[in-house]
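Reader: I'd like to learn how to read a protein model feature by feature. Could you walk me through one?

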Amino acid sequence: METYDSLLAGISAVPGQGSRTILDPATGTAVGEAPVHTVEDLERAIAAAQAAQPAWAALGHDARSAALLKAADAVERSAEELAHLLSREQGKPLNGPNARFEVGACAAWLRATAGTPLDPETVVDDGETRAELHYRPIGVVGAIGPWNWPMMITIWQIAPALRMGNAVVVKPSEYTPLSVLALAAVINEELPEGLLTVVSGGRDVGARLAEHPAIGKVMFTGSTATGKAIIRSSADTVKRLTLELGGNDAGIVLPDADPKAIAEGLFWGAFINTGQTCAALKRLYVHDSLYEAVCSELTAVAAAMPMGVGLDEANVLGPLQNRAQYDIVARLVDAARDSGARILLGGNPDDGRPGYFYPTTLVADIDNDNPLVAEEQFGPALPIIRYSTVDEAIAKANALDVGLGASVWSSDPAAARDVAARLEAGTVWINKHGAVDPRIPFGGAKQSGYGLEFGAEGLKALGVPQIING
């Protein structure tokens with residue numbers, strides 16, 4: 001089992017062009033030194049991946065799956081140390097659906113990916129013609145990850161890529177490189193050398209990875225603007241892409257819902273990871289008849305959730321991960337207040353407190369075109385919008401150019417499914433929001449990206465389809 005100090009020591013030993021200090025967003029203290037890799041380091045990583053990939057592909061699904069299961073065991077052996085590092089670097093608390101939860105999800109996704117069957121599909125077999133659909137390895141996959149769930153989303157990218165016989169080069173966020181470097185170091189205990197490499201560099205490294213002719217596919221989770229840049233960079237080499245981009249997920253509370261029963265689900269749908277989740281609930285539409293009751297019940301739940309330094313076992317909410325995101329949330333809440341919206345809770349950060357803590361904030365009586373509603377806040381501030389008819393709520397929910405997820409809250413499952421079918425989103429949850437499952441495909445609509453992750457469909461996205469006819 002790794003210790004916290006040995007994890008950091010292993011990361012620091014990775015060759016790089018110098019290093020930079022990573023600070024804890026909750027306290028401002030140093031977490032560790034991250035290597036600063038260059039485009040030349042990236043080129044070496046890609047060359048090593050190209051060399052390692054053919055033998056890995058030749059092992060077949062069973063052997064590759066067995067290696068992923070061993071990698072899951074390795075993650076579990078170092079789970080507590082990984083969780084502490086993640087908490088300090090990203091800011092999320094150890095408890096609740098946060099750091100320990102994220103590390104546990106890494107092991108769970110590795111196991112689920114290893115165990116997902118993907119057999120050749122017989123397309124036609126009529127006695128005269130037989131055609132089978134197979135999926136072959138792509139080669140080298142580039143994975144570019146975010147800072148909000150750095151370990152878990154990295155696993156979402158690398159586990160299916162490895163299972164399908166590819167090598168992977170990972171470029172983590174500059175905000176959270178230590179978590180990804182440590183996770184990869186633990187997993188690499190069970191993988192051939194060169195097959196999985198993390199290149200901890202800047203934007204120049206990410207740009208080169210997206211355009212590199214040896215990269216057959218790019219997987220990216222992050223902003224829509226960066227996703228568009230990756231699309232442009234990938235065009236000359238016609239790369240395959242899976243893009244999970246920005247969202248501004250809507251939730252609709254139908255008139256028959258029970259405000260008290262749904263309040264905690266609404267809270268975690270919106271405030272998991274202190275709101276720093278692409279598929280979090282970011283706009284809540286509530287029918288006039290339930291509006292005040294939902295506001296009251298949700299405020300009571302939110303007020304009871306402790307926020308603070310992640311290593312304090314009592315906390316379940318942490319800081320914003322970086323100053324830029326803090327400033328976005330503060331700007332949007334201030335705009336809502338200035339417009340005359342009603343602040344139910346929060347909106348009053350303690351500027352003398354260390355760290356990027358923004359209080360849990362609920363905003364009522366807000367117009368649908370207010371910036372807090374129309375823009376993705378990606379933080380602990382939820383606007384609650386009144387509606388009078390279900391058609392009105394659906395129209396408002398569908399009005400934006402993003403569509404990652406959505407949710408419907410109701411005591412009538414059939415009515416909820418009818419509304420769900422009219423929402424323009426890649427996933428619509430009923431009486432929950434943001435719940436992902438390694439068996440269930442996940443992807444966005446409109447400008448929230450394209451391509452599916454998870455389950456058999458996610459595996460197929462990491463392969464090249466080949467028809468054998470005859």
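Author: Happy to, and keep in mind that this is a predicted model. Let's begin with one residue and its neighbours: glycine 455 touches Thr116, Pro438 and Arg439, leaving out residues up to four places away in sequence.

Reader: Where is glycine 455 found, and is it buried or exposed?

Author: Glycine 455 sits in helix α16. Its relative accessible area is 9%, so it is buried, the cut-off being under 20%. For a sense of distance, take glycine 346: it is 109 residues from glycine 455 in sequence, and the two C-alpha atoms are 39 Å apart in space.

Reader: Can we do the same with a residue in a strand?

Author: Sure, try valine 363, which lies in strand β13 (residues 361-364). Its relative accessibility is 0%, so valine 363 counts as buried. Setting aside neighbours within four places in sequence, valine 363 is in contact with Ala336, Ala341, Arg342, Ile343, Leu372, Leu382, Pro383 and Ile384. Arginine 337 is 26 residues away from valine 363 in sequence, with 8.4 Å between their C-alpha atoms.

Reader: Now zoom out. Which residues have the most contacts inside the largest nonpolar core?

Author: That core has 86 residues, and the ones with the most contacts inside it are Val75, Leu82, Leu110, Ile155, Val169 and Ile187. Helix α6 (residues 150-163) supplies the largest share of this core, nine residues. Take isoleucine 187 as a sample: beyond four places in sequence, it touches Ala71, Val75, Leu110, Ile155, Ile158 and Leu196.

Reader: How do I read a helix, say α9? Which of its residues are buried?

Author: Look for which side is covered. In helix α9 (residues 224-234), the buried residues are Thr224, Gly227, Ile230 and Ser234. They span an arc of only 110° around the axis, so they lie on the same side of α9. On the other side of α9, Ala225 and Arg232 are exposed.

Reader: What covers the buried residues of α9?

Author: The cover includes β5 (140-144), α8 (203-211), β8 (217-221) and β9 (240-244).

Reader: Let's stay with β5. How many of its residues are buried?

Author: Five of its five residues are buried, so to speak a mostly covered strand. With a strand, check both directions: Val140, Gly142 and Ile144 point one way from β5, Val141 and Ala143 point the other way, and all are buried. Then look at the pairing: five bridges join β5 to strand β6 (residues 167-171), and the two run parallel. One bridge to follow on screen has isoleucine 144 partnered with lysine 171 in β6.

Reader: And what about an antiparallel case? In what order do the strands of the open sheet come?

Author: The order is β3-β4-β20, three strands with antiparallel pairing. β3 (121-125) and β20 (463-469) are the edge strands, each pairing on one side only. On average, neighbouring strands of this sheet are turned by 25° against each other, direction ignored. Between β3 and strand β4 (residues 130-137) there are four bridges, and the two strands run antiparallel. Glutamate 121, for instance, has leucine 133 in β4 as its bridge partner.

Reader: Last topic, the rings. How many aromatic pairs are there?

Author: The count comes to 10 aromatic pairs. To classify one, compare the centre distance and the plane angle. Phenylalanine 267 and phenylalanine 271 have ring centres 4.9 Å apart and planes at 25°, so the pair is stacked, since planes under 30 degrees apart count that way. Both of these phenylalanines lie in helix α10 (residues 259-271), four residues apart, about one turn of the helix. Phenylalanine 267 and phenylalanine 271 are both buried.

Author: Another stacked pair is phenylalanine 442 with phenylalanine 454, at 5.8 Å centre to centre and 15° between the planes. This pair links distant parts of the chain, 12 residues apart: phenylalanine 442 is in the loop between β17 (427-430) and β18 (445-446), and phenylalanine 454 is in the loop between β19 (449-450) and α16 (455-460).

Reader: Are those two rings' residues buried or exposed?

Author: Phenylalanine 442 counts as buried at 4% relative accessibility, and phenylalanine 454 counts as buried at 6%. They also belong to one aromatic cluster, formed by Trp109, Trp156, Phe442 and Phe454.

Definitions and conventions:
Residues are numbered from 1 along each chain as its sequence is written. This is a predicted model: local features need pLDDT of at least 70, side-chain atom pairs count only at pLDDT 80 or more; totals for chains, interfaces and linings use all residues. Side-chain values use heavy atoms; hydrogens and water are left out. A nonpolar core is a set of buried Ala, Val, Leu, Ile, Met, Phe, Trp, Tyr and Cys residues joined through side-chain atoms within 4.5 Å. Buried means under 20% relative accessible area, exposed over 50%, partly exposed in between (1.4 Å probe, protein chains only). Contact means heavy atoms within 4.5 Å. The arc is that of the directions from the helix axis to the C-beta atoms. Two strands pair if DSSP finds at least two bridges between them. Axes are lines fitted to C-alpha atoms, for helices over the stretch in contact, and angles run from 0 to 180 degrees between N-to-C directions. Rings of Phe, Tyr and Trp (its six-membered ring) pair if their centres lie within 6.5 Å; planes under 30 degrees apart count as stacked, over 60 as edge-to-face and the rest as tilted.
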